[in-house]
Amino acid sequence: EAKDAGRNTVRMYNDAMQAMLNERAGIEAGLRQALTENRFKLYYQPLIDRHRRVSSVEALLRWDMPGHGLVAPAHFLEIAESGSLILQIGQWVLEHACAQAVAWARDPGTQDLVIGINISKRQFRQQDFVQSVKSTVERTGANPARLRLEVTESMVLEDVDTAISKMEALRKLGISFSIDDFGKGFASLAYLKRLPVGQLKIDQSFIHGIESDAGDAVIVRTLIDMSRTLALEVVAEGVESDVQHSFLREQRCDLFQGYLFGKPMTVEEMERMVGTLANAG
Ligand code: C2E
Ligand code: MG
Ligand code: MG
Ligand code: MG
């Protein structure tokens, strides 16, 4: 009996493994196809300033999967990250965000928009990361001052000195940096003050807890104060409610990103949003 159960467990485990492996392989094949068939899309989410103006946007990747519609990164980025596909996807994102910056530079309504671009761990770790960003920017003709690269604490902490030299090199071109998901890692003032970053984005898990968790509210307040001390611009990610927004305003947070102001949207929707706000004065 016990033996049978054991055998069943092993069998189920194998089936589950096989299903997972099939799915992994299927997703990898789908991603490779998406690259050649141009099935990735960049959506854009606004970052709102204290006067409710769109100050910048974040480019967010979507996979337009045949028969499934748009797939969010949570369903495929980890799989892409486990192999070299992420490098090709990262390059695709960089090129398309740069092309968008060029297009937006032509219109007075959008020419000041800074585009936040998420960089993956593997991409940042590449020895030729600086050179590949530089040549993409040059090839596309994008204004580096309109590009902000989002990296995470763990990416930087992997090798702080190398990270700093890569960031410094790109900063010399006019590209700025932001620390994404801040607070989730091992926030440490010691390294933070050495990094050539201009912006911190407080992880949305803390923002969501503002109303329900006194600890989260204290953490958010502390992170905002710390950003001010270090003269860094501070963004609250994942702002969903008026209560969160007014708490953040009271704490003098600089920028707000979240569903309260706009979900990730298409280029056309973003242009409409910027235009509407501009008309509203
Ligand atoms: P992230 O960079 O922290 O981006 C913010 C995520 O929070 C986005 O999810 C956005 O849609 C979501 N979000 C924004 N406001 C709210 C809100 O009010 N409530 C909630 N619940 N969520 C909100 P998304 O687009 O699914 O992306 C997830 C993550 O995938 C990103 O987190 C980023 O780490 C990664 N990612 C997205 N695009 C790219 C890309 O082009 N390259 C790389 N390497 N990673 C990307
Ligand atoms: Mg981001
Ligand atoms: Mg984030
Ligand atoms: Mg993230």
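Donors, in what follows, are N, O and S atoms within 2.8 Å of the metal, and because water is not among the atoms, a site may look incomplete. Good morning, colleagues. The structure before you is a predicted model, and I shall speak about a metal site and then about a helix pair.

Let us begin with the magnesium ion (ligand 2). Which residues supply its protein donors? They are Glu58 (OE), Asn118 (OD1), Glu150 (OE) and Asp180 (OD), at 2.0 to 2.2 Å from the ion. Along the chain, these donors follow the spacing E-x59-N-x31-E-x29-D. Two of the residues, Glu150 and Asp180, link distant parts of the chain: Glu150 belongs to strand β5 (residues 147–152) and Asp180 to strand β6 (residues 176–182), with their positions 30 residues apart.

Are these two residues buried or exposed? Glu150 has a relative accessible area of 3%, and because buried means under 20%, Glu150 is buried. Asp180, at 7%, is buried as well.

Asp180 also has a second partner. The magnesium ion (ligand 3) lies 4.2 Å from the magnesium ion (ligand 2), and Asp180 coordinates both.

I turn now to the helices. Helix α3 (residues 85–105) packs against helix α5 (residues 129–140) at an angle of about 35°, and their axes are 9 Å apart. The crossing of the two is right-handed. On the α3 side, the contact is made by Gln91, Leu94, Glu95, Cys98 and Val102; α5 contributes Ser132, Val133, Thr136, Val137, Arg139 and Thr140. By character, the residues of this contact divide into five nonpolar, four polar and two charged.

Thank you for your attention.

Conventions
Residues are numbered from 1 along each chain as its sequence is written. Chains are lettered from A and ligands numbered from 1 in the order in which they are written. This is a predicted model: local features need pLDDT of at least 70, side-chain atom pairs count only at pLDDT 80 or more; totals for chains, interfaces and linings use all residues. Side-chain values use heavy atoms; hydrogens and water are left out. Donors are N, O and S atoms within 2.8 Å of the metal (3.2 Å for Na, K and Ca); water is not among the atoms, so sites may look incomplete. Helices (H or I, at least four residues) and strands (E, at least two) are DSSP runs, numbered from the N terminus. Buried means under 20% relative accessible area, exposed over 50%, partly exposed in between (1.4 Å probe, protein chains only). Axes are lines fitted to C-alpha atoms, for helices over the stretch in contact, and angles run from 0 to 180 degrees between N-to-C directions. A crossing is left-handed if the near helix is turned anticlockwise from the far one by less than a right angle, and right-handed if clockwise. Contact means heavy atoms within 4.5 Å. Ala, Val, Leu, Ile, Met, Phe, Trp, Tyr, Cys and Pro count as nonpolar, Asp, Glu, Lys and Arg as charged, and the others, Gly among them, as polar.
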